[in-house]
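The following exercises ask the reader to examine one protein model and to reason step by step. Each task is followed by a worked solution.

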Amino acid sequence: MVAARLEGDDVAEDEAARRVAEALCGPGAVQAAAFTGRANLYAAAAGLAVIDAARINAVNMVDEAITVATLPPGEMVSPRQMLATIKIMPFAVPRRIVERAVAAAGNAPAVALAPFRSLEAGLIITRQPTTKASVLAKAADAMAARMAALNGRIGATVTVDHDQTVLAEALQEMAATRPDLILVVGANAVIDRLDHIPAAITAIGGVVERFGMPVDPGNLLLTGELAGIPVIGVPGCARTLKLNGFDFILRRLAAGLPIDGAAIAAMGVGGLLKEVEIGGAARGAAAAVARAPHLAAIVLAAGRSSRMGGPNKLALNLGGKALVLHGVDAALEAGLDPVVVVTGHGAEQVGQVLAGRPVKLVHNPRFASGLSSSLRTGIEALDQGVDGAFVLLGDMPRVSGEHLRRLAAGFAPAESRAIVIPTAGGRWGNPILWARSFFPAMAELAGDQGARLLAVANPAWIVEIEMPDDGVLLDLDTAAEFTAAASA
């Protein structure tokens, strides 16, 4: 065993990580509870990472004990993807160093997210007499795929001759429909500001703001404005799904970020792009990115309350609400999704108690065969996107959202922390958080067997988290226990 004794002016690693993460966390970022000196910031939605590099550098310059690592500014992220991780290297840090790091973070958030908006784009494609229909279709499909990936869509679409006068008329008609932006895919690349696409924009009162960008592929991109609507002259390379400069521009528009000259000029560093496919390959790679685990809850509420001696204990009032609602509300407060409540005995009564709560009710007709059948029913109700699930007993009124968040912070199957068990005074309690990899074995349990025996058989995957109180040990089986809890 390794132990450390903190001095009077020390800040424990988790508290230090929490304070620095809190100072850095901005809109659209979600701060996870700290564990082993690490606090992560995650994206609340799909969007672009907004990182203040200067302030991140300032925090990292304070002391080697405090480190912050982030995604690159402007990185496209998916919901729950990690934006930044704050790691405290020793077990504790002098308070003055923590305060200096918080001060270096400044008054404005340094890690934030610009979420994608649901934009609708008008699409104009120009053609030459020799342009094949398959080429036009491929361009339209590529634009639709890009917009869909950003929570947007293509609205009106027209195909016209590659002629300045005809194109000007199409632009005017498209602007009248008031899309969020207009995309123009030309049959030929734009050569200069006097070419057909820029000339058509200016001929009807629009403005060409910039032609050319320091990103390759994608150099020959044009940005402009017509009647208050952004207009993008799409480079020819965007007819495929290879990553190019157009993607940088489109993502910033979708995220509500500026695409002015300064923003485009700043894209040169990192603008020499590799052959990256936007689609299957990119989605495959996304599975490997660091993200917050998707955690669910299974609330077991099917028992017969036999030791209570009569009434269904889960529906009895305790502290102003039904007993079962204490655990359910803790799961909802902790952001678990879905919260699956397994009913059995007294299902109708339990369902009435839960009315209005955003939970998923599933009935176990075999509840009399034992606890394992309810556990199996709950597991079967979880979808494939769930990474792990808490198994909560319906009669534990002192389990809180804070307990669940502490346990979630310790969950890391890739680091052999796949079974997370709360402890109080060294004793195992409930609920236990299980990684998805254990679901099949849990579903094979029989009779009145709970999953705890499965934990005993897999000690290498267990992490124990000591709780600040003994609420994880208290379940109410008898009338005497219920009365004692009600009077406490």
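## Exercise 1: The six-stranded sheet

Strand β10 (residues 120–127) and strand β12 (residues 181–185) run parallel and are joined by five bridges. The model is a predicted one.

**Task.** Determine in which order the strands of the open sheet that contains β10 and β12 are arranged, and state which strands stand at its edges.

**Solution.**

Step 1. Begin with one residue pair: Leu-123 has Leu-183 in β12 as its bridge partner.

Step 2. Extend the view to the open sheet, whose six strands follow the order β11-β10-β12-β15-β14-β13 with mixed pairing. In general, the strands of a sheet pair through backbone hydrogen bonds, in either the parallel or the antiparallel sense.

Step 3. Identify the edges of the six-stranded sheet: β11 (153–161) and β13 (207–211) each pair on one side only.

Step 4. Consider the twist: on average, neighbouring strands of this sheet are turned by 20° against each other, direction ignored.

Step 5. Add the helices. Helix α4 (residues 133–149) packs on the sheet and touches β10, β11, β12 and β15 (229–234). The direction of α4 makes about 160° with that of β10. Helix α6 (residues 196–203) lies across β12, β13, β14 (222–226) and β15, and runs at about 150° to β13.

## Exercise 2: The four-stranded sheet

**Task.** Explain why one side of β2 and one side of β5 are left without a neighbour in their sheet.

**Solution.**

Step 1. Write down the order of this open sheet of four strands, β2-β3-β7-β5, in which the pairing is antiparallel.

Step 2. Locate the two strands: β2 (29–31) and β5 (66–70) stand at the edges and have a single partner strand each, so one side of each has no neighbour in the sheet.

Step 3. Inspect the partner of β2: three bridges pair β2 with strand β3 (residues 38–43) in the antiparallel sense. Among the residue pairs, Ala-29 has Ala-43 in β3 as its bridge partner.

Step 4. Note the twist: neighbouring strands of this sheet are turned by 15° against each other on average, direction ignored.

## Exercise 3: Three helix pairs

**Task.** Classify the pairs α1 with α3, α4 with α7, and α10 with α13 as roughly parallel or oblique.

**Solution.**

Step 1. Take helix α1 (residues 13–24) and helix α3 (residues 95–105), which pack at an angle of about 15° with their axes 8 Å apart. Angles under 35 degrees count as roughly parallel, and α1 and α3 are therefore roughly parallel to each other. Their crossing is right-handed. The contact involves residues including Ala-16, Val-20 and Leu-24 of α1 and Val-98, Ala-101 and Val-102 of α3. By class, the residues of the contact of α1 with α3 are eight nonpolar, no polar and three charged.

Step 2. Take α4 and helix α7 (residues 245–254): their axes come within 10 Å and cross at roughly 45°. The helices α4 and α7 are therefore oblique to each other, and α4 passes α7 in a right-handed crossing. Met-143, Arg-146 and Met-147 in α4 meet Phe-246, Asp-247 and Leu-250 in α7. This contact of α4 with α7 has four nonpolar, no polar and two charged residues.

Step 3. Take helix α10 (residues 323–333) and helix α13 (residues 401–409), whose axes come within 8 Å and cross at roughly 50°. The pair α10 and α13 is therefore oblique, and its crossing is right-handed. Here Ala-330, Ala-331 and Glu-333 in α10 meet Gly-401, Leu-404 and Arg-405 in α13. The contact of α10 with α13 consists of three nonpolar, one polar and two charged residues.

## Exercise 4: Backbone exceptions and confidence

**Task.** State where Pro-217, Pro-338 and Asn-151 are found, and describe the confidence of the model.

**Solution.**

Step 1. Recall the general rule: most residues other than glycine have a negative phi, and most peptide bonds are trans.

Step 2. Examine the prolines. The bond joining Asp-216 and Pro-217 is cis, with omega about 5°, and Pro-217 is found in the loop between β13 and β14. The peptide bond from Asp-337 to Pro-338 is also cis, with omega near 0°; Pro-338 is found in the loop between α10 and β19 (339–343).

Step 3. Examine Asn-151, which has a positive phi of about 65° although it is not a glycine. Asn-151 is placed in the loop between α4 and β11.

Step 4. Assess the confidence. The protein averages a pLDDT of 92, and 95% of the residues score at least 70. Over residues 279–287, however, pLDDT stays under 50, and the model has one contact beyond four places in sequence for these residues.

Key. Residues are numbered from 1 along each chain as its sequence is written. This is a predicted model: local features need pLDDT of at least 70, side-chain atom pairs count only at pLDDT 80 or more; totals for chains, interfaces and linings use all residues. Side-chain values use heavy atoms; hydrogens and water are left out. Axes are lines fitted to C-alpha atoms, for helices over the stretch in contact, and angles run from 0 to 180 degrees between N-to-C directions. Angles under 35 degrees count as roughly parallel, over 145 as roughly antiparallel, 65 to 115 as roughly perpendicular and the rest as oblique. A crossing is left-handed if the near helix is turned anticlockwise from the far one by less than a right angle, and right-handed if clockwise. Contact means heavy atoms within 4.5 Å. Ala, Val, Leu, Ile, Met, Phe, Trp, Tyr, Cys and Pro count as nonpolar, Asp, Glu, Lys and Arg as charged, and the others, Gly among them, as polar. Two strands pair if DSSP finds at least two bridges between them. pLDDT is the predictor's confidence in each residue, from 0 to 100.
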